[in-house]
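Please open the structure in your viewer and keep the sequence panel beside it. This tour goes from one selection to the next and says what is found at each stop.

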Amino acid sequence: MAEKLDTYNKKRRFDKTDEPRGDKASPSDSNLRFVVQHHIASRDHYDLRLEWDGVLKSWAVPKGPSFNSGDKRLAVNVEDHPLEYRTFEGTIPEGEYGGGTVMIWDEGRWEPLEDPEEAFSHGSFKFELYGQRLKGRWVLVHMRPKEGEKDKNWLLIKERDKYAGSANIADYTTSVVSGRTMEEIAAGKQPKKKK
Ligand code: MN
């Protein structure tokens, strides 16, 4: 289990960053959690992380999730993150891996709508989010890599349900846990509401 976090640990210098060390993959209980972190680093993107099998399965979504079921958003599969990363909000020093500002943009419970292991290998994975902002059914669709391309590209798509088209990500510019804007997190301002 611990090797799952090797890549995560190798990319980071824990004497420089406040991000959690990936000591171990933690057992999951029946309530699987997810987080979407808005991350302004060398590029602005949103990280979707789904708790599965003791780690956070992670995808970097350059444009962020779309509430519109007509949109297909590139979601680049990245290294598994430790479960503790779910509560990380703050700054990663410039020059370090992912250097920039991280906001907890959404969080909550999630449920697979099909067996995740099978779905991961089939390349199409349906799930339901019970977040504060992202709700309802979603699907991640694996894209076959072109010759010479790394096999890491997926598409994140909102499924048609009553939550489709209900909002825009740009409607939400604050943290769901601290109420802070990106600027306030970057400036180290104290949280506005209790975690
Ligand atoms: Mn990121």
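What follows is a walk through a predicted model, stop by stop.

**Stop 1: the manganese ion**

Begin by selecting the manganese ion and the side chains that hold it. The ion is coordinated by ND1 of His39, NE2 of His45 and OD of Asp47, at 2.2 to 2.3 Å. In the sequence panel, these donors follow the spacing H-x5-H-x1-D along the chain. Are histidine 39 and histidine 45 buried or exposed? Both histidine 39 and histidine 45 are buried. Aspartate 47 has a relative accessibility of 5%, so it counts as buried too, the cut-off being under 20%.

**Stop 2: from aspartate 47 to arginine 49**

Keep aspartate 47 selected and add arginine 49. Which interaction joins the side chains of arginine 49 and aspartate 47? The two meet in a salt bridge, at 3.4 Å from N to O. Aspartate 47 therefore appears both among the donors of the manganese ion and in a salt bridge with arginine 49, while being buried at 5% relative accessibility. Arginine 49 has a relative accessible area of 3%, so this partner is buried as well.

**Stop 3: a link between distant parts of the chain**

Select glutamate 89 and arginine 180. They form a salt bridge in which the closest N and O atoms are 2.9 Å apart. The pair links distant parts of the chain, as its members are 91 residues apart. Glutamate 89 belongs to the loop between β4 (73-82) and β5 (90-92), and arginine 180 to the loop between β9 (153-158) and α3 (182-186). Both residues are buried.

**Stop 4: glutamate 184 and lysine 189**

Move along the sequence to glutamate 184 and lysine 189. Their side chains meet in a salt bridge, at 3.6 Å from N to O. Glutamate 184 counts as buried, at 17% relative accessibility, whereas lysine 189 counts as partly exposed, at 41%.

**Stop 5: a network of salt bridges**

Now select Lys11, Arg12, Glu19 and Glu79. How are Lys11, Arg12, Glu19 and Glu79 linked? They are linked in a network of salt bridges. Over the whole structure, a search finds 15 salt bridges. Within the network, take a look at glutamate 79, which lies in strand β4. Glutamate 79 counts as buried because its relative accessibility, 11%, is under 20%. To place this residue against another part of the chain, add aspartate 151: the two are 72 residues apart in sequence and 13 Å apart in space, C-alpha to C-alpha.

**Stop 6: a charged patch**

Switch to a surface view and select Glu114, Asp115, Glu117 and Glu118. These residues gather in a patch of negative charge on the surface. One of them, glutamate 114, sits in the loop between β6 (100-112) and α2 (116-122). Glutamate 114 is partly exposed, with a relative accessible area of 33%.

**Stop 7: a backbone angle at aspartate 53**

Select aspartate 53 and show the backbone. What is phi of aspartate 53 near? Phi is near 55 degrees, a positive value in a residue other than glycine. Aspartate 53 is placed in the loop between β2 (44-52) and β3 (55-61), and is partly exposed at a relative accessible area of 35%.

**Stop 8: two strand residues**

Next, select valine 61, found in strand β3. Valine 61 is buried, with a relative accessible area of 1%. Add leucine 74 to the selection: from C-alpha to C-alpha, valine 61 and leucine 74 are 5.9 Å apart in space, and in sequence they are 13 residues apart.

Then go to isoleucine 92, in strand β5. Isoleucine 92 is also buried, at a relative accessible area of 2%. Its C-alpha is 19 Å from that of leucine 56, with their positions 36 residues apart in sequence.

**Stop 9: an exposed alanine**

End with alanine 170. Where is alanine 170 found? This residue is in the loop between β9 and α3. Alanine 170 is exposed, with a relative accessible area of 64%. Alanine 170 and glycine 64 are 106 residues apart in sequence, and their C-alpha atoms are 9.6 Å apart in space.

Technical notes: Residues numbered from 1 in each chain as written. Predicted model: local features only at pLDDT ≥ 70, side-chain atom pairs only at ≥ 80, totals over all residues. Heavy atoms only, no water. Patch = residues over 30% accessible without salt bridge, like charges linked within 9 Å, V, L, I, M, F, W, Y side chains within 5 Å. Areas by Shrake-Rupley, 256 points an atom, 1.4 Å probe, with all protein chains shown as cover. Salt bridge = Lys/Arg side-chain N within 4 Å of Asp/Glu carboxyl O. Lys, Arg positive; Asp, Glu negative; His and termini not counted. Charge placed at Lys NZ, Arg CZ, Asp CG, Glu CD. Helix = DSSP H or I, 4+ residues; strand = E, 2+ residues; numbered from the N terminus. Buried < 20%, exposed > 50% of the residue type's maximum accessible area, 1.4 Å probe, protein only. Donors = N, O, S within 2.8 Å, 3.2 Å for Na, K, Ca; no water.
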